[in-house]
Amino acid sequence: MSAFDPVYQGQIDAWRDSRYVDYPHQVGIESQAVCNATCDFCPYPSMSRKGERMEDALIEKILSELEEMPRDLEFDVSFSRMNEPFVDRRVMDVAMEVNRRLPQANLWFFTNASPLVPKVAARLEALSRVTQFVVSFNDHREAEYERVMGLPFARTIANLDALHEKHTSGDLGFTPLISRVGDGSDADDSFIAWCQTRWPGFEARVTQRFDWIGSLSIRTFGSIPAIGCWQWFHLPILASGRVAYCTLDHEGERSYGDVRERHVLEIYNDPARRRLRTEALTRLDVGVCSRCNHYG
């Protein structure tokens, strides 16, 4: 990984010169801090706030306040934080509400696909503006998959085979992306090749692994890039209502606001947070960010 990515930095610079300084480019809504997997590269298994559930009234408050976003400014709503979104049966209803009430909003999902049984997958056909649907699959070798994720390999494969059939028949309005958290070994390339053969209609990628701001003792690879971070334009709301510092602030220990107490746009424009978007040149200039190799 290069220490500088001009394309990525160009996107940060463009946002810095746009209304995204004032309005979030992405809002994360973690409706429930529950995941059915036990991935060995993720801090969820030891997370202290497992089981937190966002109240329905708080979800409604967030959606109502997001309705104040400019209707001509596109932004993303992600349902994934430290969770498996489809374990929460409310997620599809909330996603449909976003489609109805926020026509300028794109939908993002990150899932391990284990809960995507036919009844759940069928509802995906009704969604529009799904621009990211990432499946955290992580290993094409059955024994290794089950060791890494703690989920039944056969069930996930069956769900993804059925989803691929929906996609190839034109029933989905988006293209799923099958993802692996890489380890720098030959298995990374083998994973891509295997997925492209099994599900040619899907996309496949390998991402870097990271230590979650020092929360995991894990071997990472890739240098820390001398670039900004898209997380500065992100508002990740945890199930409790606290706004995390970024995606890797999994416990919300560095929270800079609580949507139970303040308007979402007021929190996004917290002075210290706003300075990241307007003044920070690269992550190397910003305390905790200077130790982070996560981007993309």
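What share of the 296 residues in the protein chain is buried? The figure comes out at 55%. Bear in mind that this is a predicted model. Here's a quick tour, starting with the whole chain and then moving on to its aromatic side chains.

**Overall build**

- The protein chain is put together from nine helices and seven strands.
- Its radius of gyration is 19 Å, which agrees with the value near 19 Å that a compact globule of 296 residues would have.
- If you lay the C-alpha trace along its principal axes, the protein chain spans about 50 × 40 × 35 Å.
- Take the contacts with a separation of 6 or more, and 74% of them turn out to join residues 24 or more positions apart.

**Surface and charge**

- About 12600 Å² of the protein chain is accessible surface, and carbon and sulfur atoms hold 51% of that.
- On the charge side, you have 34 positive and 43 negative side chains.
- The centres of those two sets of charges lie 2 Å apart.

**Aromatic pairs: F86, F109 and F133**

- Searching the whole structure turns up 18 aromatic pairs.
- One of them is F86 with F109: the ring centres sit 5.3 Å apart and the planes meet at 25 degrees, so this pair is stacked, given that planes under 30 degrees apart count as stacked.
- F86 belongs to the loop between β2 (75-78) and α3 (91-101), while F109 is in strand β3 (residues 105-111), so the pair ties together parts 23 residues apart in sequence.
- F86 has a relative accessible area of 7%, so it is buried, and F109 also counts as buried, at 0%; the cut-off for buried is under 20%.
- F109 has another partner in F133, and here the pair is tilted, with 5.9 Å from centre to centre and 55 degrees between the planes.
- Because F109 lies in strand β3 and F133 in strand β4 (residues 130-136), this pair ties together parts 24 residues apart in sequence.
- F133 is buried too, with a relative accessible area of 2%.

**Aromatic cluster**

- Which residues do ring pairs link into a cluster? The members are F137, Y145, F153, F191, W194, W199 and F202.

**To recap**

- F109 is the residue to click on if you want to see both pairs, since it pairs with F86 in a stacked arrangement and with F133 in a tilted one.

Terms used:
Residues are numbered from 1 along each chain as its sequence is written. This is a predicted model: local features need pLDDT of at least 70, side-chain atom pairs count only at pLDDT 80 or more; totals for chains, interfaces and linings use all residues. Side-chain values use heavy atoms; hydrogens and water are left out. Helices (H or I, at least four residues) and strands (E, at least two) are DSSP runs, numbered from the N terminus. The radius of gyration is taken over C-alpha atoms; the globule rule is 2.2 Å times the number of residues to the power 0.38. Buried means under 20% relative accessible area, exposed over 50%, partly exposed in between (1.4 Å probe, protein chains only). Contact means heavy atoms within 4.5 Å. Accessible areas come from the Shrake-Rupley method with a 1.4 Å probe; for residues, only the protein chains shown count as cover. Lys and Arg count as positive and Asp and Glu as negative; His and the chain ends are not counted. The place of a charge is taken as NZ of Lys, CZ of Arg, CG of Asp or CD of Glu. Rings of Phe, Tyr and Trp (its six-membered ring) pair if their centres lie within 6.5 Å; planes under 30 degrees apart count as stacked, over 60 as edge-to-face and the rest as tilted.
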